[in-house]
Amino acid sequence: LSGLDPAQPYFQGTSIEVRLDKSDADFVDIIHTDSAPTIPNLGFGMSPAIGHIDFYPNGGKQMPGCGKNPVSQIVDLDGIWEGTRDFVACNHLRSYKYYSDSIIYPDGFLGYPCVSYDNFEAGSCFPCPKDGCPNMGHFADQYKDKIKTNFLKLYLNTGEAKDFPLWRYKVTVTLSGKHKQKGYVNVALYGSGGNTRQHQVIKGTLKPANTYTSFIDVEANIGTVTKVKFLWNNNWLNPTFPKLGAATITVQSGIN
């Protein structure tokens, strides 16, 4: 039984006879997308973990793309008619959109077991444990026999608009060069399963011989890495044309 952002008003905090609970089926998985308090945030979904496994995409409260200006947001949401209808409850209705996308992308929406979204963002719950990570949505029940805890909270990030799944990678860059610079470093990943756009991994003071680590959520499961494109940029025009390179780049996939 899959709960798509189960309702908060009149249900949160009530007994299990009244609300959705993991005793309602052999396996109950939950997707929380609008779990901010109803007052003052108008959150429609409940926040406590109530299933065998509970997914909190983007932290479970505010979904990417739902904070855009109304015109661009409505266009992103499957066109004018559906977009206008969904505009008010954008966070709440993201749950069924993620579920729909999960049918098309069986390897997408990997949920990482973690104590909080902050810990997930900091990378302390990366990569997946030995038993792997469940996939949020239609294929969550494939994880049914691997559950060892009473409640399992899972975190992940999604895209702003269709297509929603993102795949998480850890990128570690050791810089080379003669002088420190101010600017940013981007990398793009190329692999047997697909390629990504450029993703920023460092911003600020760039020091040669220093190693920098970042977690990026990319729009493709690249499979076996075949190439990494490295690009750095100054924050301002520098007439001395400073040079900076990558001595090493390490890419680690969250799934394995």
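**Exercise 1. Find the bridge partners of Y155.**
In this predicted model, which residue of β5 is the bridge partner of Y56, and which residue of β5 is the bridge partner of Y112?

*Solution.*
Step 1. Start with Y56: its bridge partner in β5 is Y155. The strands β3 and β5 pair in the parallel sense, over five bridges.

Step 2. Now turn to Y112, whose bridge partner in β5 is Y155. Strand β4 (residues 112-113) is joined to β5 by two bridges, and these strands run antiparallel.

Step 3. Put the pairings together: β5 pairs with β3 in the parallel sense and with β4 in the antiparallel sense. As a reminder, strands of a sheet pair through backbone hydrogen bonds, either parallel or antiparallel.

Step 4. Look at the surroundings of β5. Four of its five residues are buried, so β5 is largely enclosed by the rest of the structure.

**Exercise 2. Draw the three-stranded sheet.**
In what order do the strands of the open sheet of three strands stand, and why is one side of β10 and of β12 left without a neighbour in the sheet?

*Solution.*
Step 1. Write down the order: β10-β6-β12, with antiparallel pairing.

Step 2. Find the edges. β10 (211-218) and β12 (244-253) each have a single partner strand, so one side of each has no neighbour in the sheet.

Step 3. Add the twist to your drawing: from one strand to the next it averages 25°.

Step 4. Zoom in on one pairing. Strand β6 (residues 167-177) and β10 run antiparallel and are joined by eight bridges. You can locate one residue pair here: V171 has S214 in β10 as its bridge partner.

**Exercise 3. Trace a network of salt bridges.**
Which residues are linked with R168 in a network of salt bridges?

*Solution.*
Step 1. Begin with the overall count: the structure holds five salt bridges.

Step 2. Take the pair R168 and E121. Their closest N and O atoms are 3.9 Å apart. R168 lies in strand β6 and E121 in helix α5 (residues 117-122), so this pair ties together parts that are 47 residues apart in sequence.

Step 3. Take the pair D217 and R168. Here the closest N and O atoms are 2.7 Å apart. D217 is in strand β10 and R168 in strand β6, so to speak of distant parts of the chain is fair: 49 residues separate them.

Step 4. Check the burial of each residue. D217 and R168 are both buried, with a relative accessible area of 6% for R168. E121 counts as partly exposed, at 38% relative accessibility.

Step 5. Join the pairs: E121, R168 and D217 form a network of salt bridges.

**Exercise 4. Compare two aspartates.**
Which side chain of opposite charge is nearest to D54, and with which residue does D21 form a salt bridge?

*Solution.*
Step 1. Place D54 in strand β3 (residues 53-57).

Step 2. Look for an opposite charge. The nearest such side chain is K22, 7.8 Å away, and D54 is buried yet has no salt bridge. A salt bridge would need the nitrogen and oxygen atoms to be within 4 Å.

Step 3. See what else is around D54. A polar atom of its side chain lies 2.9 Å from the backbone nitrogen of G51. Leaving aside residues up to four places away in sequence, D54 touches several residues, including I30, H32, P48 and L152.

Step 4. Now consider D21. Its salt bridge is with R19, and the closest N and O atoms are 3.7 Å apart. D21 is buried, with a relative accessible area of 10%, and R19 is buried as well, at 17%.

**Exercise 5. Spot unusual backbone angles.**
Where do D5 and N58 lie, and which residues are joined to P127 and D163 by a cis peptide bond?

*Solution.*
Step 1. D5 has a positive phi of about 50° although it is not a glycine. D5 lies in the loop between β1 (2-4) and β2 (29-31), and it is buried, with a relative accessible area of 1%.

Step 2. N58 has a positive phi near 55° and is a residue other than glycine. You will find N58 in the loop between β3 and α2 (70-76); it is buried, at 10% relative accessible area.

Step 3. For P127, the cis peptide bond is with F126, and omega is about 0°. P127 is in the loop between α5 and β5 (152-156).

Step 4. For D163, the cis peptide bond is with K162, again with omega about 0°. D163 sits in the loop between β5 and β6.

Definitions and conventions. Residues are numbered from 1 along each chain as its sequence is written. This is a predicted model: local features need pLDDT of at least 70, side-chain atom pairs count only at pLDDT 80 or more; totals for chains, interfaces and linings use all residues. Side-chain values use heavy atoms; hydrogens and water are left out. Two strands pair if DSSP finds at least two bridges between them. Axes are lines fitted to C-alpha atoms, for helices over the stretch in contact, and angles run from 0 to 180 degrees between N-to-C directions. Buried means under 20% relative accessible area, exposed over 50%, partly exposed in between (1.4 Å probe, protein chains only). Lys and Arg count as positive and Asp and Glu as negative; His and the chain ends are not counted. A polar contact is a pair of N or O atoms within 3.5 Å; within protein, one must be able to donate a hydrogen and the other to accept it, and residues adjacent in sequence count only if both atoms are side-chain atoms. Contact means heavy atoms within 4.5 Å.
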